[in-house]
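Work through the exercises below with the structure open. Each task is followed by a solution in steps.

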Amino acid sequence: QLHLVESGGGLVQPGGSLRLSCQASGSILSINVMDWYRQAPGKQRELVAAISRGGGTNYADSVRGRFTISRDNTKNTVFLQMNSLKTEDTAVYYCHVAVVRTPDGYQYDNWGQGTQVTVSS
């Protein structure tokens, strides 16, 4: 069973920074793409950033240039560095792994429990 545990959320003033982490644990052979999603109150969950095992990245237009996704493959961990935060970045941020290869086969559509990010003065 794969577990995704996020950390690093909190309250920050506009213009501030936060760094989110998400570590995957379990019987993992390999993980390809790792993502961060977010969901604000009353809105649909949206993709924020994604990173492939090789380091290729993709960002939502709303965060490009402000957020940076990275990963440590040796620790099955993905990070989201968030700079120049805005009030509209307030949301619950979720770590997501679409496909994990395990000794027993593959696990699909794995989500973390979410971490709250609040940007407010």
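## Exercise 1: Gln116 and its surroundings

Gln116 has its place in strand β12; strands (E, at least two residues) and helices (H or I, at least four) are DSSP runs numbered from the N terminus. The model is predicted, so local features need pLDDT of at least 70 and side-chain atom pairs count only at pLDDT 80 or more, while totals for chains, interfaces and linings use all residues. Residues are numbered from 1 along each chain as its sequence is written, and side-chain values use heavy atoms, with hydrogens and water left out.

Task: state whether Gln116 is buried, partly exposed or exposed, and list what Gln116 touches.

Step 1. The relative accessible area of Gln116 is 38%. Buried means under 20%, exposed over 50%, and partly exposed in between (1.4 Å probe, protein chains only). Gln116 is therefore partly exposed.

Step 2. Contact means heavy atoms within 4.5 Å. Not counting residues up to four places away in sequence, Gln116 touches Gly9, Gly10, Thr90, Ala91 and Val92.

Step 3. Gln116 and Ser7 are 109 residues apart in sequence, and their C-alpha atoms are 9.3 Å apart in space.

## Exercise 2: Leu4

Task: place Leu4 in the secondary structure and find its contacts beyond four places in sequence.

Step 1. Leu4 belongs to strand β1 (residues 3-7). With a relative accessible area of 7%, Leu4 is buried.

Step 2. Leaving aside neighbours within four places in sequence, Leu4 is in contact with Cys22, Gln23, Ala24, Cys95, His96, Val97, Asn110, Trp111, Gly112 and Gln113.

Step 3. For Leu4 and Gln23, the C-alpha to C-alpha distance is 5.6 Å, at a separation of 19 residues in sequence.

## Exercise 3: The largest nonpolar core

Task: which residues of the largest nonpolar core touch the most other members, and which strand gives the most to this core?

Step 1. A nonpolar core is a set of buried Ala, Val, Leu, Ile, Met, Phe, Trp, Tyr and Cys residues joined through side-chain atoms within 4.5 Å. The largest one has 31 residues, of which Trp36, Leu80, Met82 and Tyr93 touch the most other members.

Step 2. At least two residues of this core come from each of β3 (18-25), β5 (34-39), β6 (46-51), β8, β9, β10 (91-102) and β12 (115-119). β10 gives the most, with five residues.

Step 3. Take Leu80 as a case: not counting residues up to four places away in sequence, Leu80 touches Leu18, Arg19, Leu20, Trp36, Val48, Ala49, Phe67, Thr68, Ile69 and Tyr93.

## Exercise 4: Aromatic pairs

Task: how many aromatic pairs does the structure hold, and what is the geometry of the pair formed by Tyr94 and Trp111?

Step 1. Rings of Phe, Tyr and Trp (its six-membered ring) pair if their centres lie within 6.5 Å; planes under 30 degrees apart count as stacked, over 60 as edge-to-face and the rest as tilted. The structure holds three such pairs.

Step 2. Tyr94 and Trp111 are 6.3 Å apart centre to centre with 85° between the planes, an edge-to-face pair. Tyr94 is in strand β10 and Trp111 in strand β11, so the pair ties together parts 17 residues apart in sequence.

Step 3. Tyr94 counts as buried at 14% relative accessibility, whereas Trp111 counts as partly exposed at 31%. Tyr37, Tyr94 and Trp111 form one aromatic cluster.

## Exercise 5: Salt bridges

Task: count the salt bridges and say which residues are linked in a network.

Step 1. A salt bridge is a side-chain nitrogen of Lys or Arg within 4 Å of a carboxyl oxygen of Asp or Glu. The count comes to four.

Step 2. Arg38 forms one of them with Glu46, the closest N and O atoms being 2.7 Å apart. Arg38 is buried at 6% relative accessible area; Glu46 is partly exposed at 34%.

Step 3. Arg66 and Asp89 form another, at 2.8 Å from N to O. Arg66 lies in the loop between β7 (57-59) and β8 and Asp89 in the loop between β9 and β10, a link between distant parts of the chain, 23 residues apart. Arg66 is buried at 12%, and Asp89 is buried at 1%.

Step 4. The network of salt bridges links Arg38, Glu46, Arg66 and Asp89.
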